[in-house]
Amino acid sequence: MRSEIADAKRVVVKVGSSSLTGPDGHLDHGRVRELARLLSALHGRGARVVLVTSGAIAAGLLPLGLTRRPRDLETQQAAAAVGQGLLVRHYADAFAEHGVTVAQLLLTVEDVLRPRTYRNALNTISRLFRLGVVPIVNENDTVATHEIRFGDNDKLAALIAHLVRADALLLMSDVDGLYTAHPDTPGARRIDRVDDLTTLDVDTSRVGSKVGTGGMRTKLQAADIATQAGVSVVLGHADDLERALAGDEVGTFFAPVRKRRPRRLLWLAFAAEPRGFLHVDAGARDALLHGKASLLAAGIREVRGVFSEGEPVEMIGPDGHPVGRGFVAYSSADLEHEMGHSSSEAGHRHQRPVVHRDHMMLATD
Ligand SMILES: Nc1ncnc2c1ncn2[C@@H]1O[C@H](COP(=O)(O)OP(=O)(O)O)[C@@H](O)[C@H]1O
Ligand SMILES: N[C@@H](CCC(=O)OP(=O)(O)O)C(=O)O
């Protein structure tokens, strides 16, 4: 019995295209209804639920007279644009049968990466929770080109899980867990529990189903992000969702590995695209890693990239290895100017740290 899942008060459930489609690749309405039934019941028990769902492209195939998922990006995006409205209509009708109102949120990974849009998304979700509404999230496929190529709904679900400080993330797919290699491979075994993703040795090189995108690779990345944010993760077959929610030992369980951290630091560590790189000397690296120090201009040897004050940057050690990430207190132009001066010089005495200790996440954190 997994009490972390059974007792979860905030739950993010992600369903992939492969578990929403029938053998013909089209949307399976029975599956949508079953999902709505289970999540309405969970919602009725007082849990705050977010559904992250793929399936827009699949729902767009039939109206466009397509028999299979298109290969080219533009047609995939067109199919998603046709299908998304239909997908949400099916969900809205199915949830309404249980008296539950749903909301549609279309996000790009970028929206969750930029501080302002991230905060706005959180505010909207929080308000929806208070209104008793179940948010239904999909990637905004019209603009999220990489998502369609790489199947980032897994990552999006993990980012949403730490955005809403979920207790549990359920990644539901067409496979009943993580296997040591593609399940068709002779000798492949299912793994019941993962306590440390860094020592995990599995083959995820073969991508998955005909309709899904990322295969296991993106699910493991999602599990990594979520478990490091203190979220328990179950990866399992969509048919086992009811049992997974009840805490039964189905699928693969990924134990959370860290205590919760401030949202903005998690964002920095797992989601942010650094806008610049600060190459630091050995003294600065050691002070950061072992002395819990802030980064001062004197320890920076080189600045790469163009950034404004407050943007995320990566700090790189003299050996070329990343030391950590932080929110920088100077623009790149101001920093270039500051670097030529020591903090003991007149006019530079009150130099603020370039990256304050409270605003960084180190590789060793
Ligand atoms: N090591 C592995 N363990 C389990 N499944 C794997 C593994 N490697 C590849 N796969 C494939 O990944 C698929 C699930 O990924 P995907 O098709 O992207 O699903 P979804 O649409 O649910 O996101 C499975 O159907 C399976 O064929
Ligand atoms: N966002 C798109 C496709 C994403 C996709 O296929 O993802 P997944 O099934 O989770 O691997 C959609 O709704 O069709």
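Axes are lines fitted to C-alpha atoms, for helices over the stretch in contact, and angles between N-to-C directions run from 0 to 180 degrees. The structure treated here is a predicted model, in which local features need pLDDT of at least 70, side-chain atom pairs count only at pLDDT 80 or more, and totals for chains, interfaces and linings use all residues. Residues are numbered from 1 along each chain as its sequence is written, while chains are lettered from A and ligands numbered from 1 in the order in which they are written.

**Exercise 1. Two packed helices**

Task: Determine how the axes of helix α8 and helix α9 are placed relative to each other, and which residues make the contact.

Solution.

Step 1. Helices (H or I, at least four residues) and strands (E, at least two) are DSSP runs, numbered from the N terminus. Helix α8 comprises residues 153–163, and helix α9 comprises residues 215–228.

Step 2. Two packed helices are described by the angle between their axes and the distance between the axes. The axes of α8 and α9 come within 8 Å and cross at roughly 10°.

Step 3. Angles under 35 degrees count as roughly parallel, over 145 as roughly antiparallel, 65 to 115 as roughly perpendicular and the rest as oblique. The helices α8 and α9 are therefore roughly parallel to each other.

Step 4. Two residues are in contact if their C-beta atoms, placed from the backbone, lie within 7 Å. On the side of α8, the contact is made by D154, K155, A157, A158, L159, A161 and H162; on the side of α9, by T218, K219, Q221, A222, I225 and A226.

Step 5. The contact residues of α8 with α9 comprise 7 nonpolar (Ala, Val, Leu, Ile, Met, Phe, Trp, Tyr, Cys and Pro), 3 charged (Asp, Glu, Lys and Arg) and 3 polar (the others, Gly among them).

**Exercise 2. The start of α9 and an annotation**

Task: State which residues one UniProt "binding site" annotation covers, and decide whether G215 and M216 are buried or exposed.

Solution.

Step 1. The annotation, from an unreviewed entry, covers K14, S173, D174, T213, G214, G215, M216, R217, T218 and K219. UniProt positions are given in the numbering used here, feature names are shortened, and annotations may be inferred rather than shown by experiment.

Step 2. A residue is buried if 20 or more other C-beta atoms lie within 10 Å of its own, exposed if 12 or fewer, and partly exposed in between, with C-beta atoms placed from the backbone.

Step 3. G215 belongs to helix α9 and has 21 other C-beta atoms within 10 Å, so G215 is buried. M216 also belongs to α9; because M216 has 24 C-beta neighbours inside 10 Å, M216 counts as buried.

**Exercise 3. A second annotated group**

Task: Explain why S54, D141 and N153 are said to gather at one spot, and describe the surroundings of S54.

Solution.

Step 1. A "binding site" annotation of the unreviewed UniProt entry covers S54, D141 and N153. These residues span 100 residues in sequence, yet no two of their C-alpha atoms are more than 10.4 Å apart, so they gather at one spot.

Step 2. S54 lies in the loop between β2 (48–53) and α3 (56–61). Its 29 C-beta neighbours inside 10 Å make S54 buried. Apart from residues up to four places away in sequence, S54 touches V15, G16, S17, L20, N138 and N153.

Step 3. D141 is found in the loop between β4 and α7 and is buried, with 25 other C-beta atoms within 10 Å.

Step 4. N140 is placed in the loop between β4 (134–139) and α7 (145–150). N140 has 20 C-beta neighbours inside 10 Å and counts as buried. Leaving aside neighbours within four places in sequence, N140 is in contact with L106, L107 and T108.

**Exercise 4. One face of a helix**

Task: Identify the buried residues of helix α13 and state what they pack against.

Solution.

Step 1. Helix α13 spans residues 332–339, and S332, L335 and E338 are buried in it.

Step 2. Seen down the axis of α13, the buried residues fall within an arc of 120° (the arc of the directions from the helix axis to the C-beta atoms), so they line one face of the helix.

Step 3. The buried residues of α13 pack against β11 (276–280) and β12 (300–304).

**Exercise 5. Positive phi angles**

Task: Compare the settings of R165 and K292.

Solution.

Step 1. R165 is not a glycine, but has a positive phi of about 55°. K292, not a glycine either, has a positive phi of about 50°.

Step 2. R165 lies in the loop between α8 and β5 (168–173), and K292 in the loop between α12 (282–291) and β12.

Step 3. R165, with 16 C-beta neighbours inside 10 Å, counts as partly exposed, whereas K292, with 9 other C-beta atoms within 10 Å, is exposed.
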